[in-house]
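Subject: Structure handover

Hello,

Here is the structure we talked about handing over. My notes on it follow below the entry.

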Amino acid sequence: MTAAPTLPRLEPLTDRVPARPIADGVRIGHVHLKVADLDRALSFYCDVLGFEITQRRGREAVFLSAGGYHHHIALNTWESLGGSPPPPNATGLYHVAILYPTRALLADAYARVLAAGIKLDGPSDHGVSEALYLRDYDDNGVELCWDRPRELWPVGADGHLNMGRLRIDLEGLLAEK
């Protein structure tokens, strides 16, 4: 298990404290991605990352799962068939994060990405997690990551998280595989 590194101090969040915070245990369940070509997108999410198809809706949509859930990722061409990615100065999804339960499984995902010849946009150690950033074949941002156990998260004396962005030893990560 990799210990969290020492990170530069970030400013604590003191504004925007909701009067009634969202319930503990709420999770992001799935993401729908607009793609230009369903088969090309499947070659990334199934062939490279290893997601399994749980349902297909003709040539327009497919639902993908890790471990038998109904779907974690849906790919569709409903409004994007043959389309191009949004320009850099447009709003939209920055990236989708795929959370692996262990560092060894993140290492396996990284080995798959390397074998497919996909370049990283950047790897980062955030203290709470290690993350690999890349683009799918439709230029959607994808983060592959694992979270350190909560007791290893970098917390300041004031009790606030102290996340940051440090380098990851990618060769060390691959050695975990």
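Contacts between residues 24 or more positions apart make up 62% of the chain's contacts with a separation of 6 or more. Please keep in mind throughout that this is a predicted model.

Overall layout

The chain holds three helices and eight strands. Read from the N terminus, the order of elements is β-α-β-β-β-β-α-β-β-β-α. The C-alpha trace spans about 55 × 45 × 35 Å along its principal axes. There are 177 residues in the chain, and 36% of them count as buried. The exposed area is about 11200 Å², of which carbon and sulfur atoms supply 54%. As for charge, the chain has 18 positive and 23 negative charges, and the mean positions of the two sets lie 2 Å apart.

Nonpolar core

In soluble globular proteins, nonpolar side chains tend to be buried together. Here the largest nonpolar core has 32 residues, and Y45, L49, L64, I73, L75 and L144 are those with the most contacts inside it. At least two core residues come from each of β1 (31–34), α1 (38–48), β3 (61–65), β4 (73–76), β5 (96–100), α2 (103–115), β7 (129–135) and β8 (141–147). The element that gives the most is α1, with seven residues.

Two of these core residues are worth following through their contacts, with neighbours within four places in sequence left aside in each case.

L64 is in contact with L42, Y45, C46, F51, E52, I53, T54, H71, H72, I73 and L75. Among these partners, Y45, I73 and L75 are also listed with L64 as having the most contacts inside the core.

L49 is found in the loop between α1 and β2 (52–57). Its relative accessibility is 8%, so L49 counts as buried. The contacts of L49 are with F44, I98, Y100, R112, V113 and L144. By contrast, P88, 39 residues away from L49 in sequence, is 25 Å from it in space, C-alpha to C-alpha.

A61

A61 lies in strand β3. Is A61 buried or exposed? With a relative accessible area of 1%, A61 is buried, because the cut-off for that class is under 20%. Outside its neighbours within four places in sequence, A61 is in contact with L38, R56, L75, N76 and W78. T77 is 16 residues from A61 along the chain, and the C-alpha atoms of the two are separated by 6.5 Å.

Cysteines

How many disulfides does a search of the whole structure find? The search finds zero. C46 is in no disulfide, and the cysteine sulfur nearest to it, that of C145, is 19 Å away. The cut-off for a disulfide is a pair of cysteine sulfur atoms within 2.5 Å, so a separation of 19 Å does not qualify. C145 likewise is in no disulfide, its nearest cysteine sulfur being that of C46. Are these two cysteines buried or exposed? C46 is buried, with a relative accessible area of 16%, and C145 counts as buried at 5% relative accessibility. As noted above, C46 is also one of the contact partners of L64.

Regards

Methods. Residues are numbered from 1 along each chain as its sequence is written. This is a predicted model: local features need pLDDT of at least 70, side-chain atom pairs count only at pLDDT 80 or more; totals for chains, interfaces and linings use all residues. Side-chain values use heavy atoms; hydrogens and water are left out. Helices (H or I, at least four residues) and strands (E, at least two) are DSSP runs, numbered from the N terminus. Buried means under 20% relative accessible area, exposed over 50%, partly exposed in between (1.4 Å probe, protein chains only). Contact means heavy atoms within 4.5 Å. Accessible areas come from the Shrake-Rupley method with a 1.4 Å probe; for residues, only the protein chains shown count as cover. Lys and Arg count as positive and Asp and Glu as negative; His and the chain ends are not counted. The place of a charge is taken as NZ of Lys, CZ of Arg, CG of Asp or CD of Glu. A nonpolar core is a set of buried Ala, Val, Leu, Ile, Met, Phe, Trp, Tyr and Cys residues joined through side-chain atoms within 4.5 Å.
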